[in-house]
Amino acid sequence: TTSSCRMSNSSTKGVVDPSGETFEVKNLFVADGSILPTSLGINPMITIEAMAIRISKNVVRRLKLLRPNAE
C-alpha cells in the first residue's frame, strides 16, 4: 500500500529520509511505491521507477564513499 514507508525530512512524519534510507535502521533503503506520501492515481509506474533510480544512485554514491578505490 502507498505510504507504508512514507518519505519525509523527519522521523516524526515518515519512515525514510529523502535519500531512501530508513530513520530506524542505518543502511536500509526502501525504493518502491510505499515511499510515496499519497496515492498517485492511475499508472504511477514511471514515478515509482524514477524514485527507485534516484535512491539507487544514492546507494551507489554511499558505497563509493565507503570504498574510494572501487569502481
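The following dialogue works through a predicted model, from the whole chain to one residue, Glu21.

Me: How many helices and strands are in the chain?

Reply: One begins by listing the secondary-structure elements. In this predicted model, the chain has one helix and zero strands. The helix, α1, covers residues 45–66.

Me: What are the dimensions of the box that the C-alpha atoms fill?

Reply: Such a box is taken along the principal axes, and here it is roughly 45 × 30 × 15 Å. The accessible surface of the chain comes to about 5300 Å², and carbon and sulfur atoms contribute 57% of that surface.

Me: What percentage of the residues count as buried?

Reply: A residue is called buried when its relative accessible area is under 20%. The chain has 71 residues, and 24% of them count as buried.

Me: Where is Glu21 found, and why is Glu21 classed as buried?

Reply: Position along the chain and exposure are read separately. Glu21 belongs to the segment before α1. Its relative accessible area is 9%, and therefore Glu21 is classed as buried.

Me: Which residues is Glu21 in contact with, leaving aside its neighbours within four places in sequence?

Reply: A contact requires heavy atoms within 4.5 Å. With those neighbours set aside, Glu21 touches Val15, Val16, Lys26, Asn27, Leu28, Phe29 and Arg62.

Me: Which backbone atom of Asn27 lies 2.6 Å from a polar atom of the Glu21 side chain?

Reply: To read a polar pair, one identifies both atoms. In this case, the backbone nitrogen of Asn27 is the partner of the Glu21 side chain, at 2.6 Å.

Technical notes
Residues numbered from 1 in each chain as written. Predicted model: local features only at pLDDT ≥ 70, side-chain atom pairs only at ≥ 80, totals over all residues. Heavy atoms only, no water. Helix = DSSP H or I, 4+ residues; strand = E, 2+ residues; numbered from the N terminus. Buried < 20%, exposed > 50% of the residue type's maximum accessible area, 1.4 Å probe, protein only. Polar contact = N/O pair within 3.5 Å; in protein donor to acceptor, adjacent residues only side chain to side chain. Areas by Shrake-Rupley, 256 points an atom, 1.4 Å probe, with all protein chains shown as cover.
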